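Please walk through the model shown below, beginning at the nucleic acid and ending inside one of the protein chains.

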2 protein chains.
Amino acid sequence: MTKIKNMEEFAALSGISRPTVSKYFHDPESVRPSTRARIEEALEQFDYRPNIYAVNQNRKLTKNIGIVVPYLADPFFAEIARYLEQSCIAAGYRPSLFSSHGEQKLENEILDSLRSLKPAGVLLAPLGRASDRSQIEKFCANVPTVLFDSNLEGLGAAFIGSDNFSFVSQTVEYMTRTGEPPSFFEMRTPANPNANKRRKAYVEVMDRLGFEPHVIKIDGEGWAFEEIGHQGALKVLDQGLLRTDSVLCSNDRLAIGFLAACYEQGIRVGRRPDCALRVASNDDHPFAKFTCPSLTTAAHDYDNVAARSVEALFELIENAGNSGKRTETLFPARLVLRESA
Amino acid sequence: MTKIKNMEEFAALSGISRPTVSKYFHDPESVRPSTRARIEEALEQFDYRPNIYAVNQNRKLTKNIGIVVPYLADPFFAEIARYLEQSCIAAGYRPSLFSSHGEQKLENEILDSLRSLKPAGVLLAPLGRASDRSQIEKFCANVPTVLFDSNLEGLGAAFIGSDNFSFVSQTVEYMTRTGEPPSFFEMRTPANPNANKRRKAYVEVMDRLGFEPHVIKIDGEGWAFEEIGHQGALKVLDQGLLRTDSVLCSNDRLAIGFLAACYEQGIRVGRRPDCALRVASNDDHPFAKFTCPSLTTAAHDYDNVAARSVEALFELIENAGNSGKRTETLFPARLVLRESA
DNA sequence: CAATAAACTTAACGCGCGTAAAGTTTTTAT
DNA sequence: ATAAAAACTTTACGCGCGTTAAGTTTATTG
């Protein structure tokens, strides 16, 4: 089997001219069925593929799509990224996955290296509070970008995420309906803007239901939420700061730490009568099913968030990067009842 | 600020000839300090960067490095990937991260798309049993590849991983020394070759210590280890198949499922006298600290595995992809004592 | 069947940069 | 100071492919 060096050679072997072969690779449907057949026949025989660097150099727009998540070691983002990847591939694009690993410096570097990738578009889940707003703004001005998960007001052509109010209202109402209204457990300086929205939603829902909101803020920086939740919970439990027998954690990773602390302290958590405490949370983290006890939580609509994100990006790409005004799409949560509350 | 279009323009603005500017970008040290200064001055003023597609098309070898992990939703791999990424960047390379998501088809597709990236080298953690050996063999023949985490005998220029015997011998010896020798809890058809090595090590160590090995094999396919461990443990506990009061799980993710099952069944796990069962494991998964109880486990030498992997790849790249024979490097485990055993 | 449209071929240029050759300037060594 | 070495400049080609223009073949249509 001869080694094909370039499209010229391949075209010769297939018996079709190079411009037509080029056209075929751009869109197989754009050539006559008979020639398509001949090309594909040759393709099977000789295993040639266009040099992506030459292709991308000459095309005005590449088929690359950047996917950026704030913290890939969080399985939640790994799962979303997976879905996004698959959708891009299915649409004929080449996704590249990046993680900011919780650091602003890295997020900026990723934007930088994305620029040189000349992507057709970017799906960006920003760090949130830690993001360098001006850098992201500059980036969005040059590259069609759809934000997801964390909203940065006004940035990107669209935002797709979850409706934090829907999360919290469902968990609060459920806990209230089946027991005592919960305290809210969160980080004092949350990395993610969703956290703030969740706190506000908690306060609002409690007010509406006629209860006194009770927010517990714990210290800690960074993305080691389990550890922060663990330490914070130990402190709270130790100092008896908890004034309710039910707790709503801002997110599942904090809850994982919280439950670990309860276990260590011998506090029985659950909805059964012999339990001292009920703990619920938000996100439906992949591990939420395996906490002890398993975690009652409000689940993201993973599939819809991911699907709508790529959909929005593709629309954006087709409309040459501009047109309509910025849209925000929020998907409601689905309450998942397990043992913890 | 004028927009620079290409190196020609930038060279003119900086007052240096294009070939010299090209040389500078290839290696800043290769030009005279005075000219370097002039280029860098212009660089600050005009913010130009070479078109990576044009660069990669003409360079015989790109600065790309592929990083492939079998399952990115496993935080263990996310962490390793992070370290590998950073090391590559520090060495002046451009890493691209891929996850096979546990599927052979995807692993093969990744290899395919890596080929067109023409990477200088690839760091590959294969699926293991599910890998398409012949495909990987073909790939390694064309691209300098270092395997890590999972060894496929004979494939790749080098393998860097953990010494499974060291893992198991430490956990078994510890459990035996402080209590009863453990049963071994694993999947019947493990996805990963490390699992087989761990079972063999378990049997060997038990023999050596003069105990009867007791291997519990549970059903399940795929990479949802927590769920598999959970179901398997429920079955084992329910049917009273456990003949010891101590269990060594093949890996932490199974152990997470096992512990969840114990919790549900009201079985107290831990090393304290009031506990009915001791559970230990292998890997030191990022969440092992937050299980209930926290998990005693043998920790990978993350940093060394990752560092040695990139080191081996860089050596390989410098030696033009061949030379010496295949090496296997194994790092021992570090026993992490927590509450579960 | 001719007329028209659609798809093709040939020829040629350009993309932005690597790189080589030949000549010139600057630095270093003697 | 002079010779040699090192670094530079100019010139020019090539990489593999997108793309366009002009001419040719094939398919479609009434």
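DNA strand C is surrounded by 25 residues, and the closest are A:S17, B:N6, B:M7, B:S22 and B:N58. Both protein chains take part in this surface: α2 and α4 of chain A, together with α2 and α4 of chain B, each give two or more residues to it. By class, the surface near DNA strand C holds nine nonpolar, 12 polar and four charged residues. The model is a predicted one.

DNA strand D has 25 residues around it as well, the closest being A:N6, A:M7, A:S22, A:N58 and B:S17. At least two residues of the surface near DNA strand D come from each of α2 (18-26) and α4 of chain A and α2 (18-26) and α4 (52-58) of chain B. The surface near DNA strand D divides into nine nonpolar, 12 polar and four charged residues.

How are the two protein chains related? Chain A is superposed on chain B by a rotation of 180° with 0.0 Å of shift along the axis, and the RMSD is 0.1 Å. This is the relation of a two-fold axis. The same surface serves both copies, since 100% of the contact residues of chain A recur in chain B. Within chain A, the residue whose C-alpha comes closest to the rotation axis is A:Y53, at 2.3 Å.

The contact between the chains takes 31 residues from chain A and 31 residues from chain B. On the side of chain A that touches chain B, at least two residues are supplied by each of α4 (52-58), α5 (75-90), β2 (94-99), α10 (225-238) and α11 (252-264). That side of chain A is made up of 17 nonpolar, 10 polar and four charged residues. Helix α4 of chain A thus appears in two settings: it contributes to the side that touches chain B, and it contributes to the surface near DNA strand D.

Helix α2 of chain A, another contributor to the surface near DNA strand D, also packs against a helix of its own chain. Two packed helices are described by the angle between their axes and the distance between the axes. For helix α1 (residues 7-14) of chain A and α2(A), the axes come within 9 Å and cross at roughly 100°. Because of this angle, α1(A) is roughly perpendicular to α2(A). On the α1(A) side the contact is made by A:M7, A:E8, A:F10, A:A11 and A:S14, and on the α2(A) side by A:R18, A:V21 and A:S22. These residues comprise four nonpolar, two polar and two charged ones. A:M7 and A:S22 take part in this helix contact and are also among the residues closest to DNA strand D.

Chain A as a whole has 12 helices and 12 strands. Its C-alpha atoms fill a box of roughly 80 × 40 × 30 Å along the principal axes. Of the 341 residues of chain A, 48% count as buried. Among the contacts in chain A between residues at least 6 apart in sequence, 71% join residues at least 24 apart.

One residue of chain A remains to be placed. A:V172 is found in helix α8 (residues 164-178) of chain A. Is A:V172 buried or exposed? A:V172 is buried, because 26 other C-beta atoms lie within 10 Å. Leaving aside residues up to four places away in sequence, A:V172 touches A:P181, A:P182, A:Y202, A:V205, A:M206 and A:L248. The C-alpha atoms of A:V172 and A:I256 are separated by 19 Å, with these positions 84 residues apart along the chain.

Terms used: Residues are numbered from 1 along each chain as its sequence is written. Chains are lettered from A and ligands numbered from 1 in the order in which they are written. This is a predicted model: local features need pLDDT of at least 70, side-chain atom pairs count only at pLDDT 80 or more; totals for chains, interfaces and linings use all residues. Copies are superposed by least squares on the C-alpha atoms of residues with pLDDT of at least 70 in both. Two residues are in contact if their C-beta atoms, placed from the backbone, lie within 7 Å. Helices (H or I, at least four residues) and strands (E, at least two) are DSSP runs, numbered from the N terminus. Ala, Val, Leu, Ile, Met, Phe, Trp, Tyr, Cys and Pro count as nonpolar, Asp, Glu, Lys and Arg as charged, and the others, Gly among them, as polar. A residue is near a molecule or strand if its C-beta atom, placed from the backbone, lies within 6 Å of it. A residue is buried if 20 or more other C-beta atoms lie within 10 Å of its own, exposed if 12 or fewer, and partly exposed in between; C-beta atoms are placed from the backbone. Axes are lines fitted to C-alpha atoms, for helices over the stretch in contact, and angles run from 0 to 180 degrees between N-to-C directions. Angles under 35 degrees count as roughly parallel, over 145 as roughly antiparallel, 65 to 115 as roughly perpendicular and the rest as oblique.
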